[in-house]
Structures are given as structure tokens and as C-alpha cells.
Amino acid sequence: MTVRAVEGAAGCGKTFRLMEMLAETLAAHPLMEGQRVLALTFMHGARRRLADRLRAVPGLLGRVECCTVDSFAWRIYRRWRGLAAALGIPPRGEGEFDAVCDAAGLLLEQEQVRNWTAASFPIVLVDEGQDLGPQRLRMLVALSAATRSLIAADEFQCLDQALRPNPLVAWIQGAAEPETLVQVRRTNVGGLLAAGAAIRGGQAPVNGQGFRILQPGVSVPLAATLLANAIAWRQGGDVAVITPALQGGFAQNVVARVGQGRCGQQGNGPYSIHWEGTNRDETQVLIDGLQLGANADGITARAALRALPPCGPVRAAIMWVENQIHALGRVGFARADIEAVLARNVALRRQHGGSARHLFTAMTVQQAKNREFEGVVIIWPYQVGGDVEHKRRLLYNAVTRARRWCNVIVQGQNILAGPPFT
């Protein structure tokens, strides 16, 4: 069918242009009864933000399905499991993400599967496409043979070193003539624009309007003072504390110190900064608090779950236990089964409900991708891995999250003598 693509630097409005492309495609090729647009991303956070943007597309309400590529791959594999076995694909579990995507790609290469999918989803939209590896790209290439595909990507924002050169960007440049956006719309602050352009171009970022590299070679107390001062002087708006590496604990210690009391001679703080966690982090907290043996009866299992802090995943796990007892007559429960139910419900809540918003949030560069904040403080420790190119991409992705200002705190003076600061 057709492939349309848009490329551009961070903050250039690729997603906005993608929504325009979708509206244009719908006007020229209206959906038929029972058809929907399929919108795909790699990460759940990007999926939630894409779903918000799709709500503004005229005439699309209720006629779009927004999910991750991995989730869609599992649906395809599960629906055509018999054909997969006939094609010699070994049985796959839901958590075998790359293998499931590769299997789904092979299935979608079969004409009957591809056409069946395209009958329901004649338009496929992909945001943040640069994050798709070979297995997920295989699915998209197969779908493009029977659908109208709309794709946004920026090769430089890919943080997976294994995806260089980027397979999706190479494919869309051969399959279409991508539109290239050049005007940054996220910010008009000169220093931020100059810093982003310099980092992307392999040059050293310099201090300017809205962008500052603060005093290098700092201890945890001094770094905490710099962070507290930045928050105090922010003049309103949300602030993200972004770090490229959690190893060594420097960023965590700085954030913790800011939350403990006033910092420095000016006495700014304390500020409560919320660390964003992962599914695994949240699940582990619940599992660590679960006072339950390897095996237990239903009464004991329910009591152990009710002793945990009340939250959606815990309530769902209690309901699951009660359903197993009353509907199936189950009398015994393995701890491993309870842990699996908790993990599944943590994932479901984060996929569909997101997380609470906080004025001050700390996160990794990977968690900050495709987001924006009024102010950004980057904490750059010694333990940043990867080659020169990877470090440039990490710093670029962090700096370009800022709309008004960005401060960079580096742990050591010698860090400024190497990439990405030179």
C-alpha cells in the first residue's frame, strides 16, 4: 500500500505532524464499518502519551486501538498459534518479547494473516519508530504491504547501541520520502536550542540563556545544594531530575539529601522528589512485604495480601484469590502464583492507568524520552557507560526535555574533559 514518514530532531513536532498525516489519510480513505486505526509504540509511557494525542484527531474517537508493538505481537501469535506451529515456530511464552515479535512477523508475512489484520486495521500509525529492533520492524514491514503506514522517527534519539545503524530509519528512507522537520517547537530559549544543536552535531555545549553546566567536581551535599537552588529559582512549573546512570548511587544520594532538609547557605529545601520506578521495582516492593510461606491455604493467602499497603494490584490479587476459592473450589495457593498475579496487575495498572503526577520527579534518561518539562536538572555521574556516540545521545535526550531551562551537575571536574562535554 503506502508508507509515509516524518523525521526530525527532538521537539520539532513529529507527533503533531503524524496526527496531521492521520487526519489527511482518514479524509482521503475513510474507515469502513468495523475498521479502526492501529497505533503502535515501543514503550508503555509513549503509548499513553500517543493515546492522548489521538483523542484530538477529528472523527477518530472510539475508532482507534493504541498499544505497544509487543502487546499486538502477542495477540497475533495467540490468534494464529495453530498456523505458527504448522510453520515450525516453537511455542512461545508471553514474556519472550523478541521471540514473540519475530513469530508475529513471520505470521504477518503470510498473506491470509496480513490481509485478515488489514481488514480490521487498514491504517497503521507508529510513533518513536527508531526504538523498534529487527523483530518488531519485521512486523511493520509485513503490515505495510497491506495497510497505509504512518511513521515518525528520529535516529539520534535511539539509545539502543545495538540499533546502529538504525534498521527502521534505513527502511523508511528506502520505502518512502520522509518529511524532515527542522524547526524546534518545544522551546524558543536560545541557550537550550544552541546546546541541543551542539550536542547533536558533536560539539561542546556552552552556557547560554536557559542552559548552564554548574560547578563541576561536587560532593553529594554541594550537588544537593545546587539542585535545591535550581528548584527554588525555577519560577514555577514542573522539574525533572534526569540521570543517565544509577550505578554508584550518586544521583539517588543527591535526591535523598534534598528531601532531608535545607541545603547550603541559602537554606533552600527540603523538596520531595519522587523517583519513577519500573514494573519490576513496584512489584518487588509488594513481594518483599508479602508475609507468606511457599504454600498456604486461602484464608492465609487473603490475610497476607490484606496486610500489604492497599493499592489496585493488591485488591486485584485478593479478588483473584477469592474467585479461585468460590468459583473453582481451590484450597491451596503457592506463593509463586500470588507473586505472578501481583506482577501481572502492576503491569496492567501501569499500562492503562499511568502513574500519579508529581511536581518534582527523578528518572533515568530512558524514562524521560518523548516527554517535556518546564525545567530539567541533569545529574551526570562518573558511571555513564557506552561509547562517545551513546553519551552524546544520552545528554541530548536529557537536555531536549526542557521547555524553559536546564542545569547540568557533573560529579567530577575531569568529566568535562571528555565526551559528551567536549
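Which element gives the largest share of the lining of the second largest pocket? I shall return to that question after a short introduction to the chain. Please keep in mind that the model before you is predicted.

Let me begin with the overall fold. The chain contains 17 helices and 14 strands. Its C-alpha trace spans about 65 × 60 × 40 Å along the principal axes. For 422 residues, a compact globule would have a radius of gyration near 22 Å, and the 24 Å of this chain agrees with that. Of the 422 residues, 52% are buried. If we take the contacts with a separation of 6 or more, 78% of them are between residues 24 or more positions apart.

I now come to the second largest pocket. Its space amounts to about 450 Å³. It is lined by 20 residues, and the closest to its centre are Thr15, Arg53, Arg186, Asn370 and Glu372. Two elements, α1 (14-28) and α2 (44-54), each give two or more residues to this lining. The answer to my opening question is α2, which provides four residues. By class, the lining divides into 11 charged, five polar and four nonpolar residues.

Glu372, which I named among the residues closest to the pocket centre, also brings us to the salt bridges. As a general principle, side chains of opposite charge can pair when their charged atoms come close. In this model the count is 28 salt bridges. I have chosen three of them for discussion.

The first pair on my list is Arg403 and Glu372, whose closest N and O atoms are 2.9 Å apart. Arg403 belongs to strand β14 (residues 402-410) and Glu372 to the loop between α16 and β13, so this salt bridge ties together parts that are 31 residues apart in sequence. Both residues are partly exposed: Arg403 has a relative accessible area of 23%, and Glu372 has one of 37%. The pair also belongs to a network, in which salt bridges with shared partners join Arg186, Asp238, Glu372, Glu374, Arg403 and Arg404. Arg186, like Glu372, is one of the residues closest to the centre of the second largest pocket.

The next pair is Asp131 and Lys369, with a distance of 2.8 Å from N to O. Here the linked parts of the chain are 238 residues apart: Asp131 is in the loop between β4 (123-126) and α7, and Lys369 is in the loop between α16 (365-368) and β13 (373-380). Are these two residues buried or exposed? Both Asp131 and Lys369 are buried.

The last pair is Arg136 and Asp98, whose closest N and O atoms lie 2.8 Å apart. Arg136 is in helix α7 and Asp98 in helix α5 (residues 97-108), so the salt bridge joins parts separated by 38 residues in sequence. Arg136 counts as buried, at 6% relative accessibility, whereas Asp98 is partly exposed, at 41%.

Arg136 leads to my final topic, the interior. How many cavities of 30 Å³ or more does a search of the whole structure find? The search finds one, and the space in it is about 50 Å³. Its lining consists of Leu40, Val69, Val126, Leu132, Arg136, Met139, Leu140 and Leu143. Helix α7 (residues 134-144) contributes the most, with four residues. Seven of the lining residues are nonpolar, one is charged and none is polar. Arg136 thus appears in two places in this account: in the cavity lining and in the salt bridge with Asp98.

Conventions. Residues numbered from 1 in each chain as written. Predicted model: local features only at pLDDT ≥ 70, side-chain atom pairs only at ≥ 80, totals over all residues. Heavy atoms only, no water. 1 Å grid on protein atoms, 1.4 Å probe; cavity = no way out; pocket = protein on both sides within 12 Å on 5 of 7 lines; lining within 4 Å. Points joined across faces, edges and corners; volume = space filled by probe spheres on them. Nonpolar A, V, L, I, M, F, W, Y, C, P; charged D, E, K, R; others polar. Salt bridge = Lys/Arg side-chain N within 4 Å of Asp/Glu carboxyl O. Buried < 20%, exposed > 50% of the residue type's maximum accessible area, 1.4 Å probe, protein only. Rg over C-alpha atoms; globule rule 2.2 N^0.38 Å. Contact = heavy atoms within 4.5 Å.
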